[in-house]
Amino acid sequence: MRTQPVLVYDGDCGFCTTSVNAAEKHVRPRCSVTAWQFAELDALGVTQERAEHELLWITPAGTVYGGAQAVAKLLLSAGGGWAVLGAVLRLPPVRWVAHGVYRLVADNRQRMPGGTAACALPAARRPGAAGS
């Protein structure tokens with residue numbers, strides 16, 4: 001059994017990779033971090049479809065948080081002021097707004113700084129994918 005949470009992100013997306021690298025450097029969450037492309041998704045209890053759709057925070061017990069709630073968990077794990085921000089992100093109505101903002105950013109990540117056209121494509125249609 002894992003002893004720490006796992007943060008799973010889309011390693012093919014420049015925006016996602018840049019965001020996770022910044023979080024590791026500045027926020028310092030207490031978790032292991034892996035791109036879904038290198039993760040054992042079955043062992044983590046998530047599907048590739050979900051991993052392509054949103055950032056995932058998976059607890060050692062196997063509870064999965066996605067999107068804005070994964071961000072909240074990441075912030076909570078860092079402690080200090082970050083934890084306060086993470087706690088606020090979990091409260092309604094902030095939680096609802098955070099979900100909407102997360103979806104807006106995730107659905108347009110190819111337009112975000114560091115994003116590329118490949119960020120918007122399903123994994124099977126990304127450059128270098130088998131059959132493309």
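Residues are called buried when their relative accessible area is under 20%, exposed when it is over 50%, and partly exposed in between. Keep that scale in mind, because aspartate 107, with a relative accessible area of 48%, falls in the middle class and is partly exposed. The structure you are looking at is a predicted model, and this report walks through some of its features.

## Salt bridges

Let us start with charged side chains. Side chains of opposite charge can pair when their charged atoms come close. How many salt bridges does a search of the whole structure find? The search finds 3, and the table lists them.

| Pair | Closest N to O distance |
|---|---|
| Arginine 109 and aspartate 10 | 2.9 Å |
| Arginine 50 and glutamate 54 | 2.7 Å |
| Arginine 103 and aspartate 107 | 3.0 Å |

Take the pair of arginine 109 and aspartate 10, which form a salt bridge. This pair links distant parts of the chain, 99 residues apart. Arginine 109 belongs to the segment after α6, while aspartate 10 sits in the loop between β1 (6–9) and α1. Are these two residues buried or exposed? Arginine 109 counts as buried, at 10% relative accessibility, and aspartate 10 is buried as well, at 3%.

Now look at arginine 103 and aspartate 107, whose side chains meet in a salt bridge. Both residues lie in helix α6, 4 residues apart, or about one turn of the helix. An α-helix has 3.6 residues a turn, so residues three or four places apart point the same way. Arginine 103 counts as buried at 15% relative accessibility, whereas aspartate 107 is partly exposed at 48%.

The remaining bridge joins the side chains of arginine 50 and glutamate 54. Arginine 50 is partly exposed, with a relative accessible area of 31%, and glutamate 54 is buried, with 14%.

## Rings

Another kind of contact involves a charge and a ring. The charged end of lysine 73 sits over the ring of tyrosine 65, at 4.5 Å from the ring centre. As for pairs of aromatic rings, the structure holds 0 of them.

Tyrosine 65 also gives us a way to place arginine 90. The C-alpha atoms of arginine 90 and tyrosine 65 are 11 Å apart in space, and the two residues are 25 residues apart in sequence. Arginine 90 is in the loop between α5 and α6 and is partly exposed, with a relative accessible area of 31%.

## The two sides of helix α5

Which residues of helix α5 (residues 80–89) are buried? They are Ala83, Gly86 and Leu89. These residues cover an arc of only 115 degrees around the axis, and therefore lie on the same side of α5. On the other side of this helix, Gly81 and Val84 are exposed.

Val84 turns up again at the surface. Together with Val88, Leu91 and Val94, Val84 makes a nonpolar surface patch of about 310 Å². Valine 94 lies in helix α6 (residues 94–107) and is partly exposed, with a relative accessible area of 34%. Residues count towards such a patch when their relative accessible area is over 30%, so valine 94 with its 34% passes that cut-off.

## Loops and backbone details

The loop between α5 and α6 is also the place of proline 93. What is the peptide bond from proline 92 to proline 93 like, in terms of cis or trans? This bond is cis, with omega near 0 degrees.

Another backbone detail is found at arginine 28, in the loop between α1 (14–27) and β2 (32–35). Phi of arginine 28 is near 60 degrees, a positive value in a residue other than glycine. Arginine 28 is exposed, with a relative accessible area of 59%.

Two further loop residues show how parts of the chain are placed in space. Glycine 45 is in the loop between α2 (41–44) and α3 (48–53), and is exposed, with a relative accessible area of 57%. The C-alpha atoms of glycine 45 and glycine 62 are separated by 6.9 Å, with the residues 17 apart along the chain. Aspartate 12, in the loop between β1 and α1, counts as partly exposed at 42% relative accessibility. Between the C-alpha atoms of aspartate 12 and alanine 35 the separation is 8.2 Å, and these residues are 23 apart along the chain.

Definitions and conventions: Residues are numbered from 1 along each chain as its sequence is written. This is a predicted model: local features need pLDDT of at least 70, side-chain atom pairs count only at pLDDT 80 or more; totals for chains, interfaces and linings use all residues. Side-chain values use heavy atoms; hydrogens and water are left out. Patches are made of residues with over 30% relative accessible area and no salt bridge: like charges are joined within 9 Å, nonpolar side chains (Val, Leu, Ile, Met, Phe, Trp, Tyr) within 5 Å. Accessible areas come from the Shrake-Rupley method with a 1.4 Å probe; for residues, only the protein chains shown count as cover. A salt bridge is a side-chain nitrogen of Lys or Arg within 4 Å of a carboxyl oxygen of Asp or Glu. Buried means under 20% relative accessible area, exposed over 50%, partly exposed in between (1.4 Å probe, protein chains only). Rings of Phe, Tyr and Trp (its six-membered ring) pair if their centres lie within 6.5 Å; planes under 30 degrees apart count as stacked, over 60 as edge-to-face and the rest as tilted. A charge sits over a ring if NZ of Lys or CZ of Arg is within 6 Å of the ring centre and within 35 degrees of the ring normal. The arc is that of the directions from the helix axis to the C-beta atoms.
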